[in-house]
Amino acid sequence: MSGETRAAYTKHDPLYPGFINVTEDESSITITMRGDPKVVSGSFLCGFAHERGLPGRCTPGDPNCNNYCNHDDNQPMPDSPAPSSQTICGDTVQLTLTKLEWLALKGKF
Ligand SMILES: [Zn+2]
């Protein structure tokens, strides 16, 4: 995409902040927008060693692991896995308007 940015705004969420960007070229205006991030609840599930630190994953013995996988035979298996939450990046969409369509939109502000 080439063109000159006319306006842009990014929110202040610490992870995957939503944003809007308006870019203009010779014949059109392109508006790009990413929605707000979503926080979803889940559970920590034991993974492999290389998955340590990934969202919703624990490895036996790490601080989030409650031994639900029961890999540690010396620890009791709990009734349920530990709760976790994960931030999901919002969808990004792009809309391209002709100059006439853009002017018609601006007239509504
Ligand atoms: Zn675990």
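**Close-up 1. I20 and its nonpolar neighbours on the surface.** In this predicted model, I20 sits in strand β2. Its relative accessibility is 35%, so I20 counts as partly exposed. Together with Y9, M33 and V93, I20 forms a nonpolar patch on the surface. The accessible area of these four residues together is about 380 Å².

**Close-up 2. Y16, a residue with an unusual sign of phi.** Here we look at the loop between β1 (4-10) and β2 (19-24), where Y16 lies. Phi of Y16 is near 50 degrees, a positive value in a residue other than glycine. For context, most residues other than glycine have a negative phi. Y16 counts as partly exposed because its relative accessibility is 36%.

**Close-up 3. The zinc ion and its cysteine donors.** Three SG atoms, those of C46, C58 and C65, are the protein donors of the zinc ion, at 1.8 to 2.2 Å from it. Along the chain, the donors follow the spacing C-x11-C-x6-C. C46 belongs to strand β5 (residues 45-46) and C58 to strand β6 (residues 57-58), so this pair ties together parts that are 12 residues apart in sequence. How buried or exposed are these two cysteines? C46, at 22% relative accessibility, counts as partly exposed, whereas C58, at 1%, counts as buried.

**Close-up 4. E24 and R6, a salt bridge between two strands.** The closest N and O atoms of E24 and R6 are 2.6 Å apart in this salt bridge. E24 lies in strand β2 and R6 in strand β1, so the pair ties together parts that are 18 residues apart in sequence. R6 has 49% relative accessibility and therefore counts as partly exposed. Follow the contacts outward and you meet a network of salt bridges that links E4, R6, E24 and K99.

**Close-up 5. D36 and K11, a salt bridge between two loops.** The side chains of D36 and K11 meet at 3.1 Å, N to O. This pair links distant parts of the chain, 25 residues apart: D36 is in the loop between β3 (28-34) and β4 (38-43), and K11 is in the loop between β1 and β2. D36 counts as partly exposed at 41% relative accessibility, and K11 counts as partly exposed at 39%.

**Close-up 6. E51 and R57, a buried partner and a partly exposed one.** A salt bridge joins the side chains of E51 and R57, with 3.5 Å from N to O. E51 is buried, with a relative accessible area of 15%, while R57 counts as partly exposed at 30% relative accessibility. The count for the model comes to five salt bridges.

Methods: Residues are numbered from 1 along each chain as its sequence is written. This is a predicted model: local features need pLDDT of at least 70, side-chain atom pairs count only at pLDDT 80 or more; totals for chains, interfaces and linings use all residues. Side-chain values use heavy atoms; hydrogens and water are left out. Helices (H or I, at least four residues) and strands (E, at least two) are DSSP runs, numbered from the N terminus. Buried means under 20% relative accessible area, exposed over 50%, partly exposed in between (1.4 Å probe, protein chains only). Donors are N, O and S atoms within 2.8 Å of the metal (3.2 Å for Na, K and Ca); water is not among the atoms, so sites may look incomplete. Patches are made of residues with over 30% relative accessible area and no salt bridge: like charges are joined within 9 Å, nonpolar side chains (Val, Leu, Ile, Met, Phe, Trp, Tyr) within 5 Å. Accessible areas come from the Shrake-Rupley method with a 1.4 Å probe; for residues, only the protein chains shown count as cover.
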